Amino acid sequence: MPHALAALRDSNARYRVLADTMLHGVVHQAVDGRIIAMNPAAERILGQSRAEMLGSTSEHAEQHTVREDGSVFPAAEHPSMRALATGVAVRGVIMGVYNPRERQRRWICIDAVPIMQADAPTPVEVYTVFEDITERRATELALKARDAHFRLLVEHMPDLYLRTNLHTGHYEYVSPASMKMFGFSAEQMMQKDFVHLLDMVYEDDRPAVIAAIERLTRDGRAESEFRSLSSSGDLRWFWSIMTLVPDEQGAPMYRDTFVREITDRKRIELELSDAVDQKNRFIATLAHELRNPLAPLGNVVALLQDPISPARLLWCRDIIERQVTQMGRLLDDLLDLSRITHGKITLQREQVTLTAMLERGIEMARPAIEARRHNLVVDVPSERMHVYGDIVRLAQVCCNLLTNAAKYTDAGGIITLRILRDGVHAVIEIEDTGIGIAEADLERVFGMFSQVDTTRTRSGDGLGIGLSLVKGIVELHGGEVEARSAGLGHGSTFSVRLPLAM
């Protein structure tokens, strides 16, 4: 018997040492729910001393305990009281308790285990063990908030976000932008793996994407650009950036991918590249056009070094006048284009008869037409039509269109100029039997420095600004200009629509 008592004392001592050194709170309650013992951790977590707590029940703490949703935790539903009432352990209950020492709420996770005796059908005591999860819960809530914020961001941004599990090769998250980009819902994309995504990449661009994957494995980050064929058959450009996300041991666990459509950017880049090419061609052409008059002028200067006959002197004067006039027109066109581009051109508006305007334009273009022995056909109705505009500028429009027709029509061709009436508009058409225009170039012919005939050599090709001037002047008069052609080798028709002066 003394030996058994000693063993019991040793066991109780070990129990007290264990309870006193535990980080978890332990509360021992009697069958009526009164607290009969508690460890120091329970005092610290609850913020009350053993003397304050002994003899109290869950009912005394009801006003200081809450559920996770903030509502009061009823005393009858306290885990210890439920365990005493049912004889079944209650585990994992989350409860908020007010700590008067810290003057703040602490969150605990409670397990309540009833103590049964062989001769009793109901529990005689209950042990409640609880862990302080305040900091952990705050961290979890912060993570949930951050995750909710992240999802809100990725679900409403135009870019596509994908998270791939590197162990399974499948997606764990796909943002809704997948439908707009690739025609698949996020749910459909979740059923695919990276191999399926690679199939959506245009075949010529797959090596670049595979190379990006290799860089990702080596560097942990990689970018790539690729094309994808849309359901309508159009090629669309995309940019992607991939990063590796490690697990707790630092080994790659996820591949995060952001995809952005850059079709518009690529189109602008192409347009800028074309503009640079056009500028370079223009500078080369300008140098050529400015240099052409210099050779005759240089020859004349050499001839004037020695005494020459009056007839020879007259010949030299004609050459100088012709070349200076050519350079003057060239510079005037450049200045006019600059004024139109910057909105600084001034129109001297008046009521103008179309036939008078056309006569001026024809007279200005006649040397170019006669030089190539073209046949000019003029079809003007008997009705006198008037427009409100600058006769000098409108005559320049007619001259430029006729000169353009003469330039791009083989010698001995036919150029037809006609005037039509279309409601409240006058329509001026200039049709030729020339080389024609490819369908893809019909809009481009009016661009600055545009010259679509790059395969055939023609004298006096100019700077490619004549049609751009036509478009600018016509639009300043509230009109429109259009080019039509059945294709290369089938001639061209340029139409100018101007509002009639009523």
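Visitor: Where is Arg 255 found?
Guide: Arg 255 is found in strand β11, which covers residues 252-261. Keep in mind that this is a predicted model.

Visitor: Is that arginine buried or exposed?
Guide: Arg 255 is buried.

Visitor: And what about a salt bridge for Arg 255?
Guide: Arg 255 has none. The nearest side chain of opposite charge belongs to Asp 256, and that one is 8.3 Å away.

Visitor: OK, so which residues is Arg 255 in contact with?
Guide: Leaving aside neighbours within four places in sequence, the contacts of Arg 255 include Leu 162, Arg 163, Thr 164 and Leu 166. Phe 194, Ile 213 and Leu 216 are also among them, and so are Met 242, Thr 243 and Leu 244.

Visitor: New topic. Which residues touch the most other members in the largest nonpolar core?
Guide: That core has 44 residues, and the ones touching the most other members are Leu 354, Met 357, Leu 401, Leu 402, Phe 494 and Val 496.

Visitor: Which elements give two or more residues to this core?
Guide: On the helix side they are α13 (310-341), α14 (354-371), α15 (391-407) and α16 (466-476). The strands are β15 (414-422), β16 (425-432), β17 (480-484) and β18 (492-499).

Visitor: Which one gives the most?
Guide: That would be α15, with 10 residues.

Visitor: You named Leu 402 earlier. What does Leu 402 touch?
Guide: Not counting residues up to four places away in sequence, Leu 402 touches Gly 361, Ile 362, Ala 365 and Ile 369, plus Leu 376, Ile 415, Leu 417 and Ile 430.

Visitor: How many residues are in the second, separate core?
Guide: There are 19, and they include Met 53, Val 93, Val 97 and Ala 112.

Visitor: Switching again: how many disulfides are there?
Guide: The count comes to zero.

Visitor: How far is the nearest cysteine sulfur from Cys 399?
Guide: The nearest one, from Cys 398, is 7.4 Å away, and Cys 399 is in no disulfide.

Visitor: Why does Cys 399 count as buried?
Guide: Because its relative accessibility is 9%, and buried means under 20%. Cys 316 counts as buried too, at 1%.

Visitor: Last one, Ala 37. Where is it found?
Guide: Ala 37 is in strand β2, residues 35-38. At 27% relative accessibility, Ala 37 counts as partly exposed.

Visitor: What does Ala 37 touch?
Guide: Not counting residues up to four places away in sequence, Ala 37 touches Val 26, Val 27, His 28 and Leu 54.

Visitor: And how far apart are the C-alpha atoms of Ala 37 and Tyr 127?
Guide: They are separated by 9.5 Å, with the two residues 90 apart along the chain.

Technical notes
Residues are numbered from 1 along each chain as its sequence is written. This is a predicted model: local features need pLDDT of at least 70, side-chain atom pairs count only at pLDDT 80 or more; totals for chains, interfaces and linings use all residues. Side-chain values use heavy atoms; hydrogens and water are left out. A nonpolar core is a set of buried Ala, Val, Leu, Ile, Met, Phe, Trp, Tyr and Cys residues joined through side-chain atoms within 4.5 Å. Buried means under 20% relative accessible area, exposed over 50%, partly exposed in between (1.4 Å probe, protein chains only). Helices (H or I, at least four residues) and strands (E, at least two) are DSSP runs, numbered from the N terminus. Contact means heavy atoms within 4.5 Å. A disulfide is a pair of cysteine sulfur atoms within 2.5 Å. Lys and Arg count as positive and Asp and Glu as negative; His and the chain ends are not counted. A salt bridge is a side-chain nitrogen of Lys or Arg within 4 Å of a carboxyl oxygen of Asp or Glu.
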